[in-house]
Amino acid sequence: MADPTPVIDDLCAESEELDLLVAGLSQEQWSLPTPAPGWTVAHQIAHLAWTDHSSLLAVTDQAAFSREVEKALAAPGDFVDDGAEEGARKPPSRLLAYWRAGREDLAEALRTAPEGARFPWYGPPMSTASMATARLMETWAHGLDVADALGVTRTPTDRIRHIVRLGVRTRDFAFGVHGLTPPFEEFRIELTAPSGELWTFGPENATDRVTGPALDLCLLVTQRAHRADLALRAEGEDADRWLDIAQAFAGPPGAGRPAKGTASAGPGAETASADSGEGTAAGPAKGMPPGAPAGGVAG
């Protein structure tokens, strides 16, 4: 079984980097709109805090988490937005304190979880590594939304390797959610990491191939950028089709971001299930509701 420590460490580092971005913001900056329609910077951080809290309950208090699931089932179209709205109304100092405490408690709970533990979620259960991967993916993607609102360009790091791996492993999910039969053969994936390292997946002699920057694949599968604005290259009909439909988030296909210079189409974002082993909750286009990578995809 894979050691979840590396992904938990990377989750903590990703959260700290986002924290540095928002800690000194003025009240006006907390109210800036982000690319998610109706969501300000405060909504983005509130959503992360809310999901960390749900994740902590799943790990430490399953009875309490079951009550949260009942709330979600009672209002499936509103529970994510309601959670973000409630948190966004807090003064920034209180919101920051709540987010910090929650994510620290979650990291500690994940580090001390028994080996082989499985936690309930808004779909089938998931492992420690899967929970951490889900939280890292959300933190990274929502961090991009915050940076966009602030006009800041974030420097990518090799922490995105976890998102890359999830994006590759959810290939068949992306085909299936579009009503398409997944290709039988694996693709060869060759991606350049932010550090310059080459990350590869699949057989070297595969007919279909995808090459390009690892960052661009992460932007694509989280629908934070349109394919036309990315430097990903596909060889083969199936690989080319995948880049048109790739998504590493649960639920129906999202509208995605428009190509630059076109009309806005709200972002979709949620972690998808790469196989039937673990599941996720589907969610609205404007945010990333709580999700989880499927069994075996987390590093």
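A salt bridge here is a side-chain nitrogen of Lys or Arg within 4 Å of a carboxyl oxygen of Asp or Glu. The views below show a predicted model.

**View 1. A salt-bridge network joins Glu14, Glu17, Arg154 and Arg159.** Within this network, Glu14 pairs with Arg159, and their closest N and O atoms are 2.7 Å apart. The two partners come from distant parts of the chain, 145 residues apart: Glu14 belongs to helix α1, and Arg159 to the loop between α7 and α8. Glu14 has a relative accessibility of 2% and therefore counts as buried. Arg159 is buried too, with a relative accessible area of 13%. The structure as a whole holds 20 salt bridges.

**View 2. Glu16 of helix α1 forms a salt bridge with Arg103.** The closest N and O atoms of this pair are 3.2 Å apart. Arg103 sits in helix α6 (residues 92-111), 87 residues from Glu16, so the bridge links distant parts of the chain. Glu16 is partly exposed, with a relative accessible area of 42%, whereas Arg103 is buried at 9%.

**View 3. Asp52 lies in helix α3 (residues 41-60).** The relative accessible area of Asp52 is 5%; because this is under the 20% limit, the residue is classed as buried. Leaving aside residues up to four places away in sequence, Asp52 touches Trp99, Gly102, Arg103, Leu106 and Arg135. One of these contacts, Arg103, is the partner of Glu16 in View 2.

**View 4. Glu68 and Lys71 form a salt bridge within helix α4 (residues 62-74).** The two residues are three apart in sequence and are therefore separated by about one helical turn. Their closest N and O atoms are 3.2 Å apart. Glu68, at 18% relative accessibility, counts as buried, while Lys71, at 52%, counts as exposed.

**View 5. Helix α10 (residues 214-221) is largely enclosed by the rest of the structure.** The reason is that seven of its eight residues are buried. These are Ala214, Asp216, Leu217, Cys218, Leu219, Leu220 and Val221. The cover over the buried residues of α10 includes the helices α7 (128-150), α8 (161-169) and α11 (237-245). Strands β3 (188-192), β4 (198-201) and β5 (209-213) also contribute to this cover. After α10 comes Gln223, whose phi is positive, near 55 degrees.

**View 6. The largest pocket holds about 500 Å³ of space.** Its lining is made up of 22 residues. Leu144, Asp148, Leu219, Arg224 and Ala225 lie nearest the centre of the pocket. The elements giving two or more residues to the lining are α1 (5-22), α7 and α10. Helix α7 supplies the largest share, four residues. Sorted by class, the lining has ten nonpolar, three polar and nine charged residues. One of the residues nearest the centre, Leu219, is also among the buried residues of α10.

**View 7. Cys12 is partly exposed and Cys218 is buried.** The relative accessibility of Cys12 is 26%. That of Cys218, a residue of α10, is 0%. A disulfide is a covalent bond between the sulfur atoms of two cysteines. With a cut-off of 2.5 Å between cysteine sulfur atoms, the count of disulfides in the model comes to zero.

Methods. Residues are numbered from 1 along each chain as its sequence is written. This is a predicted model: local features need pLDDT of at least 70, side-chain atom pairs count only at pLDDT 80 or more; totals for chains, interfaces and linings use all residues. Side-chain values use heavy atoms; hydrogens and water are left out. Buried means under 20% relative accessible area, exposed over 50%, partly exposed in between (1.4 Å probe, protein chains only). Contact means heavy atoms within 4.5 Å. On a 1 Å grid over the protein atoms alone, a cavity is a set of points where a 1.4 Å probe fits but cannot get out, and a pocket is an open set with protein on both sides within 12 Å along at least five of seven lines; lining residues have an atom within 4 Å of a point. Grid points are joined across faces, edges and corners, and a volume is the space filled by probe spheres set on the points. Ala, Val, Leu, Ile, Met, Phe, Trp, Tyr, Cys and Pro count as nonpolar, Asp, Glu, Lys and Arg as charged, and the others, Gly among them, as polar.
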